[in-house]
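Colleague: Could you walk me through this model, one feature at a time? I would like to learn how to read each one.

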Amino acid sequence: MSRYCLYCGKEITGLHANAKYCPECRKICYRAKEREYKREARKRKAYLSRSSKKEKDAATLKKISLKERRDNINKLIQETGMHYGEVAYYYDSGKIDELYKRAEYLKSIGRIKSNDGEHKIVKSCGGKLKGGYDYFMISTN
């Protein structure tokens, strides 16, 4: 079975069985395929860079909203003295009034200590190994 070059039509002899081009045309065809591939790669890269800008903007907005959420929850934790999980639940579900009611109830039965912003000094025994004591400022809640 004879094989012919796909570019110029000459008969191919002496090459492996899967050869598609003669030795003269092989360089021309492979160079053209490489150029086409690079052109497509530039198009793909330009498309990805456009979409990545949109994704970066969306990621930045999401990061800002999460930081705002975290700051609001931390502020509510300081105000109420409750744990993060409870505060996050009430904040996410939009039940801030119920959060304050629950915090007042827990303060009235003594489960939460009221935070007046005072600090007290506590002596730590962890410094005994080195021969001294450590002192820490902690919150009263």
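**Reading the helices and their contacts**

Modeller: Gladly, and let us start with one residue: Asn-74 is partly exposed, with a relative accessible area of 36%. Buried means under 20% relative accessible area, exposed over 50%, and partly exposed in between, with a 1.4 Å probe and protein chains only. Asn-74 sits in helix α1, and its C-alpha atom is separated by 9.2 Å from that of Ala-88, 14 residues apart along the chain.

Colleague: Before we go on, what sort of model is this, and how are residues numbered?

Modeller: It is a predicted model, where local features need pLDDT of at least 70 and side-chain atom pairs count only at pLDDT 80 or more, while totals for chains, interfaces and linings use all residues. Residues are numbered from 1 along each chain as its sequence is written, and side-chain values use heavy atoms, with hydrogens and water left out.

Colleague: Which elements does the protein have, and in what order do they run?

Modeller: Helices (H or I, at least four residues) and strands (E, at least two) are DSSP runs, numbered from the N terminus. Here there are three helices and four strands, and from the N terminus on the order is β-β-α-α-α-β-β.

Colleague: How much of the protein counts as buried?

Modeller: Of its 141 residues, 15% count as buried. The protein exposes about 11,900 Å², of which carbon and sulfur atoms supply 54%; these areas come from the Shrake-Rupley method with a 1.4 Å probe, and for residues only the protein chains shown count as cover. For contacts, meaning heavy atoms within 4.5 Å, consider pairs at least 6 apart in sequence: 13% of these join residues at least 24 apart.

Colleague: Now a single helix. What span does α3 have from its first C-alpha to its last?

Modeller: The expected span of a helix is 1.5 Å times one less than its number of residues. Helix α3 (residues 96-109) has 14 residues and reaches 20 Å, close to the 20 Å expected.

Colleague: And which residues of α3 are buried?

Modeller: Leu-99, Ala-103 and Leu-106 are buried in α3. Seen down the axis of α3, these buried residues fall within an arc of 65°, so they line one face of the helix. The arc is that of the directions from the helix axis to the C-beta atoms. On the face of α3 turned away from the buried side are the exposed residues Asp-97, Lys-101, Glu-104 and Ser-108. Just after α3, Gly-110 takes a positive phi of about 90°.

Colleague: Which residues are buried in α2?

Modeller: In α2 the buried residues are Val-87, Ala-88 and Tyr-90. Down the axis of α2, they fall within an arc of 170°, so they line one face of the helix. Just after α2, Gly-94 has a positive phi of about 80°.

Colleague: Let us turn to charges. How many salt bridges are there?

Modeller: Side chains of opposite charge can pair when their charged atoms come close. A salt bridge is a side-chain nitrogen of Lys or Arg within 4 Å of a carboxyl oxygen of Asp or Glu, and by this rule the count comes to five.

Colleague: Which residue does Asp-92 pair with?

Modeller: Asp-92 forms a salt bridge with Arg-69, with the closest N and O atoms 2.7 Å apart. Asp-92 lies in helix α2 (residues 84-93) and Arg-69 in helix α1, so the pair ties together parts that are 23 residues apart in sequence. Arg-69 is partly exposed, at 24% relative accessible area.

Colleague: And which residue does Arg-102 pair with?

Modeller: Arg-102 forms a salt bridge with Glu-86, the closest N and O atoms lying 3.2 Å apart. Arg-102 belongs to helix α3 and Glu-86 to helix α2, so this pair ties together parts that are 16 residues apart in sequence. Both ends are partly exposed: Arg-102 has a relative accessible area of 32%, and Glu-86 has 25%.

Colleague: What about the salt bridge between Lys-67 and Asp-71: how far apart are they in helix α1?

Modeller: They are four residues apart in α1 (residues 23-80), a separation of about one helical turn. Their side chains meet at 3.3 Å, N to O. Lys-67 is partly exposed at 45% relative accessibility, and Asp-71 is partly exposed at 38%.

Colleague: One last residue: is Thr-80 buried or exposed?

Modeller: Thr-80, in helix α1, is buried, with a relative accessible area of 2%. Not counting residues up to four places away in sequence, Thr-80 touches Val-87, Leu-99, Tyr-100, Ala-103, Lys-107 and Ile-112.
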